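Thanks for coming. I have one structure to show today, and I will keep it short.

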Amino acid sequence: MMKQFLYLFIYIALTSCATTRSGYVSTADGGRLYYEERGKGQPILLLHGHSLDRRMWDTQWRPLSRHYHVVRMDFRGYGRSSEQREDLQMTHADDVLTVMDSLGLAKAHVVGLSMGAFVAGDLLAMHPERLLSCTMASGGIRSTPGPSTPMDSAESAKRDHEIAALKEKGVEQMKREWTEQLISSGGSQRERMRPALTQMINDWSAWQPLHKEVRLFYAREAWQRLQERGTVSVPTLFLRGESDLKGKTFSPREAKHLSNSRIVVLPDCGHMMNMERPKDFNRSILEFLSSCPVQ
């Protein structure tokens, strides 16, 4: 009887770890953020790229959740989360903190790729106390204006021109060109990404290129804050795909303000390295996380 009880307990524990849980978090300004979580242990937040959604992490979802409590979310304006608004100033970094607070995560390992890396960089600079570690893949802190710099008339006119040009071209044509651009950045295994990338980009509403977005990233303000801090001790991993670098030397400017950082270049892959070379990407992430101090 005791042995049966033990087997039942182990089964429940294992199945609960393997179950994906999902829900919505409400923001103070009326937004809704969709998230999924899986596994147990230290939390990892996966932050997706522009035009994509949480599904870009499908090849990391189960491997990482064997060791960690993995959370992936859709940024506002993507996937199942609510749309953005031209008249509402918000940032993706603040939305991430809202999700963390709602799930009771005082700190987390943050892994972002491309646009997700912009957000990870914002969090590293603005709120290092909330990070167990930071991984910026195919991106870093942006050099664009932050939320405290409103759009001026020249920028507004430029956006009007860009939106008109896009409408003339057609959103579907833009999506096809963008898909090919992402795939062409890759190496010999780039075609393996095509079905998943095509599906996500086809599902994408394309609201962002058709509207005047607010300042979604702290960007220059984050860079200034990082410089003011002097040195940040959060363990940080910079990941790049060899093909994406196009022969250039990779030397992230953020590294000089970090006391514990490392750089990894994955061979024979490009911008979407987690989808193109998932085993190499996962190994790099797990090796990095295993080296981080336990908190």
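I will go through salt bridges, then one helix, then the cysteines.

Before that, please keep in mind that this is a predicted model.

Salt bridges, then. The count comes to 19. I will take three of them in turn.

One is between Arg72 and Asp58, where the closest N and O atoms are 2.8 Å apart. Arg72 sits in strand E4, residues 69-73, and Asp58 in helix H2, residues 58-65, so this pair ties together parts that are 14 residues apart in sequence. The two ends are not equally covered: Arg72 is buried, with a relative accessible area of 7%, while Asp58 is partly exposed at 44%. The pair also belongs to a network of salt bridges that links Glu36, Arg54, Asp58, Arg72 and Asp74.

The next one joins the side chains of Glu155 and Arg215, again with 2.8 Å from N to O. Here the two residues come from distant parts of the chain, 60 residues apart: Glu155 is in helix H5, residues 153-169, and Arg215 is in the loop between helix H7, residues 194-203, and H8. Arg215 counts as buried at 12% relative accessibility, whereas Glu155 is partly exposed at 27%.

The last of my three is Glu191 with Arg194, and the closest N and O atoms there are 2.7 Å apart. Glu191 is partly exposed, with a relative accessible area of 44%. Arg194 is partly exposed as well, at 25%.

Now to helix H8. Which residues of H8, residues 220-229, are buried? They are Ala222, Trp223 and Leu226. These residues cover an arc of only 100 degrees around the axis, so they lie on the same side of H8. What covers them includes helix H4, residues 115-126. Just after H8 comes Gly230, which takes a positive phi of about 85 degrees.

Finally, the cysteines. How many disulfides does a search of the whole structure find? The result is zero. Why is Cys269 not bonded to Cys134? The sulfur of Cys134 is the closest cysteine sulfur to that of Cys269, but the distance is 19 Å, which is too far for a bond. The cut-off for a disulfide is 2.5 Å between sulfur atoms. Cys292 is in no disulfide either; for Cys292 the nearest cysteine sulfur is also that of Cys134, 10 Å away.

As for accessibility, Cys269 is buried, with a relative accessible area of 0%. Cys292 counts as buried too, at 9%.

That is what I have.

Notes: Residues are numbered from 1 along each chain as its sequence is written. This is a predicted model: local features need pLDDT of at least 70, side-chain atom pairs count only at pLDDT 80 or more; totals for chains, interfaces and linings use all residues. Side-chain values use heavy atoms; hydrogens and water are left out. Buried means under 20% relative accessible area, exposed over 50%, partly exposed in between (1.4 Å probe, protein chains only). Helices (H or I, at least four residues) and strands (E, at least two) are DSSP runs, numbered from the N terminus. The arc is that of the directions from the helix axis to the C-beta atoms. Contact means heavy atoms within 4.5 Å. A salt bridge is a side-chain nitrogen of Lys or Arg within 4 Å of a carboxyl oxygen of Asp or Glu.
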